[in-house]
Each structure stands twice: as structure tokens, then as C-alpha cells.
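Hi everyone, thanks for coming. Have the picture ready on your screens, and let's walk through it together.

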Amino acid sequence: MIHPFFSSTLRELQLFILSRRFWATFALIVLIFAVSGPYGTSERMMFGVRLGYWLIVHAVTWTIAICFSVIAEVLLRNRLRHTLARMMIGSLFAALPIGFALGVIDFAFSGAWNEMNNGLQRALVALPLCALFCLLTYTAMHRQIAEVSTPQPATPAPGSSIRLADPEILSRLKPQNRGPLVRLSVQDHYTEVVTTRGQELILLRFADALRELGTTPGLQVHRSHWVADQHVEKLRRDGGKLFVVMKGGAEVPISRPNMDAAKARFGDL
């Protein structure tokens, strides 16, 4: 079994890797640096070389800063309340390895160490860049980070609405959304979990979500949808298509391979 620390860290790193917004922000920042040519790069480098230089600089520094930020975010969850504060601490600690990495990149492009040959000086120069990376990342992705950083205790806290017999997937939800399962649906790289108390997106593969349903009676009616038996109202046909009508009024499509199973299970409703 993967240790909870590594599991949480990998989930948050996966969030960045799969986020289009993150990559769009990264590309925009690289372009801004390449066009403006800060730190004397506009005088020393042609645009093509400058673009390659800043692409490598940002790829390396963002990777280091994000890894440190995510590790700090996971380790400090029980000590600091605000996500940005946790990420900022990790990002600032990343300044030292980033300072060394900047020296290596400069050496690769110029063939010589520049006047900032002291590692500590480079780290100090990297500090504002680390803070900038952290702020930009948090601004672009704070909602998704908040979703995956929601604590997932192995045992329920006293007074919690979740019980030991409840499906494991409920422990991934915020306490106010924990209740009897109604349905699951795929939403991009997330799984939408709908309960009688609310709905929430979690960063979890649909196949893994299905494995965490436990003994909850239900049926996967589509490769992207699962419904709980007790919340199904009826079946509805529209031409050649078949739908599950939930008691709350939502309609869930049934794929052709699952029609017979759905009819056998809900046909008498």
C-alpha cells in the first residue's frame, strides 16, 4: 500500500501535469520573458536563443518549485490552515536548488560562471522568482488544489456523518457533502460524486471510484456513469436511446451494451 504522504503528493503533482490552465500559464510566462528579455538576455541573445533559454529556465525552476510546494503543502496541512501559505513556504525553500540550477543553465549557455558565482547569492536572486511562481500557480489552480488537498482521514472523526460501513469514496468528500450515494459521472480527469447532501468533483479515475463504492447497490449504465439503485425513479426511452431517470429528476444515458442489464434491473419501476 502506498504511504498516505506519497499518495497525496502524487495526486497533487498529477493535478499540475493534467491541467491545461497550468500549461497555458507556463507558456504565457515563458513568452513574456522571451520577448522582454530581462536580466540582460535581450542584449546578449537573439530571440530564438533567448526563447530556448527561458523555456529551459522556467521548465527547470517551475519543476523544482512545484515539487517543493506540493511536498510542503502535504506536510504542513495539519499545521497551517491556508493553502497558499503552505505552498509559499515550500516554494521559498526551493530557492537554493533553483539558484544552483540557474548557475548550471547559465554555464551551459555562456560557457562561464557569471559574476554571481556564490550559490547563496543565486538563491537570493531566485527568491522573488519562487514567490512569483507560487502566486501564479495558486491563482490559476487554487480551486483544483483545494479539492485534492481536502483531508481524507482513514477513520472518521467523532460526530462525522461518515460511518465505518460507508463506502470508502465518501471519505474523499468534504464533510458537508457526505451522504448516501446517488450517482457517479466522469468529468474530464475528475469523477463527479453526487450524494443526497450535495455533489463534488474529486481527482480520481472513474474505475478507481467504482472500486471504492463498497457494497452500495447500483449499476454502471455507461462507461462514464454509475447510478445507485435506491435513487432510480424509472427508465425513459427516446427513440433508440434509453435513459435512467433519477428521483431528483436528473437523466443518465444508458449505453447500448448496458441496456439489457438496466432493463432487467430497473424495468419494473
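**A partly exposed leucine, and what lies around it**

Let me begin with one residue, Leu51: its relative accessibility is 32%, so Leu51 counts as partly exposed. Please keep in mind throughout that this is a predicted model.

Where does Leu51 sit? You will find Leu51 in helix H4. Leu51 also has company on the surface: together with Leu31, Val35 and Phe47, Leu51 makes up a nonpolar patch. The four residues have about 340 Å² of accessible area together. Which helices supply the residues of this patch? Helix H2, covering 20–36, and helix H4, covering 47–75, each bring in at least two of them.

Now let's step back to the whole chain. The protein chain has 269 residues, and 44% of them count as buried. Along the chain there are 9 helices and 8 strands. About 15,100 Å² of the protein chain is exposed, and 61% of that comes from carbon and sulfur atoms. As for contacts, take those between residues at least 6 apart in sequence: 52% of them join residues at least 24 apart.

Next, the sheet. For anyone new to this, strands of a sheet pair through backbone hydrogen bonds, either parallel or antiparallel. Here, 5 strands form an open sheet, with antiparallel pairing, and the order to follow on your screen is S3-S2-S1-S5-S4. Strand S3 (198–202) and strand S4 (218–222) are the edge strands, each pairing on one side only. From one strand to the next, the twist averages 15 degrees.

Let's visit the S4 edge. Strand S4 pairs with strand S5, residues 225–228, over 4 bridges in the antiparallel sense. If you want a spot to look at, Gly218 stands opposite Ala228 of S5. Helix H9, residues 259–266, packs on the sheet here and touches both S4 and S5. The direction of H9 makes about 145 degrees with that of S4.

Over to the other edge. Strand S2, residues 190–195, runs antiparallel to S3, and 5 bridges join the two. S2 and S3 form a hairpin with 2 residues between them. Within this pair, Val193 faces Glu200 of S3.

Strand S3 is also the place of Ile202. Is Ile202 buried or exposed? Ile202 has a relative accessibility of 5%, so Ile202 counts as buried. And which residues is Ile202 in contact with, once we leave aside neighbours within four places in sequence? The list is Ile169, Arg172, Leu173, Tyr190, Thr191 and Val193. Val193 is the residue we just met opposite Glu200. Arg172 is worth a look too: Arg172 and Ile202 are 30 residues apart along the chain, and their C-alpha atoms are separated by 7.3 Å.

One last stop: another pair of strands. Strand S6, residues 232–238, and strand S7, residues 241–246, pair in the antiparallel sense over 6 bridges. Lys234 has Val245 of S7 as its bridge partner. S6 and S7 form a hairpin with 2 residues between them, and Gly239 in the turn has a positive phi of about 70 degrees.

To recap: we started at Leu51, which counts as partly exposed, and then went through the open sheet of 5 strands. On its edge strand S3 we met Ile202, and we ended at the hairpin of S6 and S7. Thanks for listening!

Terms used: Residues are numbered from 1 along each chain as its sequence is written. This is a predicted model: local features need pLDDT of at least 70, side-chain atom pairs count only at pLDDT 80 or more; totals for chains, interfaces and linings use all residues. Side-chain values use heavy atoms; hydrogens and water are left out. Patches are made of residues with over 30% relative accessible area and no salt bridge: like charges are joined within 9 Å, nonpolar side chains (Val, Leu, Ile, Met, Phe, Trp, Tyr) within 5 Å. Accessible areas come from the Shrake-Rupley method with a 1.4 Å probe; for residues, only the protein chains shown count as cover. A salt bridge is a side-chain nitrogen of Lys or Arg within 4 Å of a carboxyl oxygen of Asp or Glu. Buried means under 20% relative accessible area, exposed over 50%, partly exposed in between (1.4 Å probe, protein chains only). Two strands pair if DSSP finds at least two bridges between them. Axes are lines fitted to C-alpha atoms, for helices over the stretch in contact, and angles run from 0 to 180 degrees between N-to-C directions. Contact means heavy atoms within 4.5 Å.
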